[in-house]
Amino acid sequence: QVQLVESGGGSVQAGGSLRLSCAASGRTFSFYDMGWFRQTPGKEREFVGSIRWSGGTTFYADSVKGRFTISSDFAKNTIFLHMNSLKPEDTAVYYCALASSAGSGYKFWGQGTQVTVSS
């Protein structure tokens, strides 16, 4: 199995910045894509962004485009979520996830890390 561990969450004032990390360990057949999601109590998990393992192409939700950036250290099986210009509505538990192939979906998930943005 693959284990995903997020870190870097915390509390920040609106307009501030945070960087989240997600480290993958264990074994799997392949790494196709790793993504970031977030969830607020009472709401479904929301896609934030993702990065393809091969090529590094990134995708972002419209709500964070221009403010959040995903980067990676593929040699260390780690991705990062750089969050700038944070807003109170960004408050959520942030999760990273792994898709092993193009058609597999995100089958492996981390435990989540809390991000709280105050006004």
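1. G35 stands opposite S50 in β5. That pairing belongs to strand β4 (residues 33–39) and strand β5 (residues 46–52), which run antiparallel and are joined by six bridges. For the terms: strands are DSSP runs of E with at least two residues, helices are runs of H or I with at least four residues, and both are numbered from the N terminus. Two strands are called paired if DSSP finds at least two bridges between them.

2. A word on what you are looking at: this is a predicted model, with local features needing pLDDT of at least 70 and side-chain atom pairs counting only at pLDDT 80 or more, while totals for chains, interfaces and linings use all residues. Residues are numbered from 1 along each chain as its sequence is written, and side-chain values use heavy atoms, with hydrogens and water left out.

3. Now the overall fold. The protein chain has eleven strands and zero helices, so the pattern along the sequence reads β-β-β-β-β-β-β-β-β-β-β. The radius of gyration is 14 Å, close to the 14 Å from the globule rule for 119 residues, so the chain is as compact as a globular protein of that length. That radius is taken over C-alpha atoms, and the rule is 2.2 Å times the number of residues to the power 0.38. Along the principal axes, the C-alpha atoms fill a box of roughly 45 × 25 × 25 Å.

4. On burial and contacts: 40% of the 119 residues in the protein chain are buried. Buried here means under 20% relative accessible area, exposed means over 50%, and partly exposed is in between (1.4 Å probe, protein chains only). If you take the contacts between residues at least 6 apart in sequence, 51% of them join residues at least 24 apart; a contact means heavy atoms within 4.5 Å.

5. As for the surface, the protein chain exposes about 6300 Å², and carbon and sulfur atoms supply 49% of it. These areas come from the Shrake-Rupley method with a 1.4 Å probe, and for residues only the protein chains shown count as cover. The chain has 11 positive and 8 negative charges, and their mean positions are 4 Å apart. Lys and Arg count as positive and Asp and Glu as negative, with His and the chain ends not counted; each charge is placed at NZ of Lys, CZ of Arg, CG of Asp or CD of Glu.

6. Back to the β4 and β5 hairpin. It has six residues between the strands, and G42 takes a positive phi near 90 degrees there. P41 is in the loop between β4 and β5 too, and at 78% relative accessibility P41 counts as exposed. Have a look across from P41: A92 is 51 residues apart from it in sequence, with 8.1 Å between the two C-alpha atoms.

7. β5 also has a second antiparallel partner to check, strand β6 (residues 58–60), joined to it by three bridges. In β6, T58 is the bridge partner of I51. The hairpin of β5 and β6 has five residues between the strands, with G55 at a positive phi near 100 degrees.

8. Strand β7 (residues 68–73) and strand β8 (residues 78–83) run antiparallel, with six bridges between them. T69 stands opposite H82 in β8. Their hairpin has four residues between the strands. N77, in the loop between β7 and β8, is not a glycine, yet has a positive phi of about 50 degrees. With a relative accessible area of 26%, N77 is partly exposed.

9. Two residues in the loop between β8 and β9 deserve a click. S85 sits in that loop and has a phi near 50 degrees, again positive in a residue other than glycine; its relative accessible area is 41%, making S85 partly exposed. D90 is in the loop between β8 and β9 (92–99) as well, but D90 counts as buried at 0% relative accessibility. Leaving out residues up to four places away in sequence, D90 touches R38, R67, F68, S85, V115 and V117.

10. Last one: G10, in strand β2 (residues 10–13). At 23% relative accessibility, G10 counts as partly exposed. G10 and Q114 are 104 residues apart in sequence but 6.2 Å apart in space, C-alpha to C-alpha. Not counting residues up to four places away in sequence, G10 touches L18, Q114, V115 and T116.
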